[in-house]
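Subject: Structure for your review

Dear colleague,

Please find below the structure that I am handing over to you. My notes on what was found in it follow directly after.

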Amino acid sequence: MTTADTATTTAAAQSTPVRMTGRQVAALVVLLASQFMMAADFSVLNVALPEVGTALGFATGSLQWITTTFALCAAGCTLVFGRVGDYVGRRRIFTAGMVVLSVSSLVGGLADSPTMLLIARTLQGLATAAVTPAALALLTTAFTEPSLRTRALGLNSVMMSSGFSVGAILGGVLTDVFSWRWAFFINIPVAVAAILVVPLVVDESRAEQRSRIDLPGAALITLGLFAGIYGVTRAGESGLDLPAVAALVAAAVLLGVFWVVESRTSDALVPVRVLKKPDIALGNLAALFIFGGETALIFFTGLYVQSVLGLSSMVAGLVLLGIGVGQIIAGTVGPRILQRVSPRTMLGVSLALQGAFMLPALWATSDRNWLIPLIATQFVNAFFSMTAALSFMVIATSSVDSDMQGMATGMATQSQQVGIAIGIPLVSAVFAATIGHGTVSAAEELSGIHTAIGVDAGCQIAVGLLLWLVLRRKAAQR
């Protein structure tokens, strides 16, 4: 039996529920608020991109860099900052990241040129890479009792998964009512509050045994992920042209060298023995599909509502509330389910069901009456997406000891960020291949959406079933 399964069994065996202390509740609130804000920050500008481009003079083809610049830094640097937090202190890294977020949000809100805005987005991505794994590591070290940890991780998964969809809604509201600049300014009071409150309610946490920082490993994994995410994004937009292929080849080489270096380094950034653990390797693989698939579904739902049905961005945001509600409910009841069901079983089954409840969208038409069944099925889809995310997080953080929590949470967060960063470009490539180039009709666009969501759903179902079979077999062999 694995550590994750043992934790689940222990929690189920307890006759008296363990309650959080007042200090733990305060720590939970401030850390979850920060996680929600960091997740929402990825998407809050998405609906405002046309207005940002017009206001600052971005070329139409360059608008995607507002999102891509953020994603490159957030996904590429998360693991490194997570491991640095193990050494220098997770609360210290969290606070430093919040300071950078405050400054970058001010710079972004005051930006008067594309260069200034992209600098702000780069800094916001770095802040996210620092804050997200640090906050998660602080959660796992503050809640050592298994049932409390599972409950805290469930709420954290709600914040992380719903942040993207709520960020899109919030961005639309702020843009319509005020200005796109408020998509930046709104971060500042939350970040300042976190900077002031966290030292009062969250204890510092770091590894008891520290060694030198693996700089070669840090450079290789960061550059490899940068190249990979850029290559996928470029391929999704322009096809497999020379820059995309070169970036993907460079990513493969860099990550291959990273594996070799880590296997020969005593103070590895990520020990190969950890990467070889089935729970860690397969759990992080699942995260790419959980978060990448759901992100792509949210994107194409908005496209369907606005381009096919001809409704406003505000209505599109309201449709996405079904996903948010499903995630919140699952995050609340998911920890209770995990007290009775193995995280391994729940991970594979939930991912497969997440994909299965995307399939009804394949029958959506241009009739606006389809909104009701669409919202209903996406609500169920979101529920299973959240239970899959919670299972993955429990496995990822329960399979290593406390000295490596920053590394484990950094790796888990990085998998989420990479999934979010590449989900839309990959599925968009399917969409673009279906509809071709040039002006298309609403019917042709709907056909492309059907194909894109079908491929998205099929990948999740296949990977979910595969994970269920493999992890089940691994458990039987123990």
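The second largest pocket has a lining of 25 residues, and those nearest its centre are Ile221, Leu225, Leu255, Leu288 and Ser415. Please keep in mind that this is a predicted model. Four elements each give two or more residues to this lining: helix 10 (215–238), helix 11 (242–263), helix 13 (278–308) and helix 18 (405–435). The space in the second largest pocket amounts to about 620 Å³. As for the character of its lining, 20 residues are nonpolar, five are polar and none is charged.

I turn next to the aromatic rings. A pair of such rings is described by two quantities, the distance of the centres and the angle of the planes. The structure holds four aromatic pairs. In one of them, tryptophan 182 and phenylalanine 185 have ring centres 5.5 Å apart and planes at 80 degrees; an angle over 60 degrees counts as edge-to-face, so this pair is edge-to-face. Both residues belong to helix 8 (residues 182–185), where they are three residues apart, about one turn of the helix. Are these two residues buried, or partly exposed? Tryptophan 182 has a relative accessibility of 42% and therefore counts as partly exposed. Phenylalanine 185 has a relative accessible area of 19%, and because buried means under 20%, this residue is buried.

Another aromatic pair consists of phenylalanine 300 and phenylalanine 431, which is tilted, with 5.3 Å from centre to centre and 55 degrees between the planes. Phenylalanine 300 lies in helix 13 and phenylalanine 431 in helix 18, so this pair ties together parts that are 131 residues apart in sequence. Phenylalanine 300 and phenylalanine 431 are both buried. In addition, Phe357, Phe383 and Phe384 form one aromatic cluster.

Finally, I come to the nonpolar cores. Which residues have the most contacts inside the largest nonpolar core? They are Leu31, Phe94, Met98, Leu139, Val202, Ile290 and Phe392, in a core of 67 residues. Leaving aside residues up to four places away in sequence, valine 202 touches Arg23, Ala27, Val30, Leu31, Arg91 and Leu138. Another core, of 23 residues, lies apart from the largest one, and Leu297, Val308, Leu371 and Leu374 are among its members.

With kind regards,
A colleague

Conventions
Residues are numbered from 1 along each chain as its sequence is written. This is a predicted model: local features need pLDDT of at least 70, side-chain atom pairs count only at pLDDT 80 or more; totals for chains, interfaces and linings use all residues. Side-chain values use heavy atoms; hydrogens and water are left out. On a 1 Å grid over the protein atoms alone, a cavity is a set of points where a 1.4 Å probe fits but cannot get out, and a pocket is an open set with protein on both sides within 12 Å along at least five of seven lines; lining residues have an atom within 4 Å of a point. Grid points are joined across faces, edges and corners, and a volume is the space filled by probe spheres set on the points. Ala, Val, Leu, Ile, Met, Phe, Trp, Tyr, Cys and Pro count as nonpolar, Asp, Glu, Lys and Arg as charged, and the others, Gly among them, as polar. Rings of Phe, Tyr and Trp (its six-membered ring) pair if their centres lie within 6.5 Å; planes under 30 degrees apart count as stacked, over 60 as edge-to-face and the rest as tilted. Buried means under 20% relative accessible area, exposed over 50%, partly exposed in between (1.4 Å probe, protein chains only). A nonpolar core is a set of buried Ala, Val, Leu, Ile, Met, Phe, Trp, Tyr and Cys residues joined through side-chain atoms within 4.5 Å. Contact means heavy atoms within 4.5 Å.
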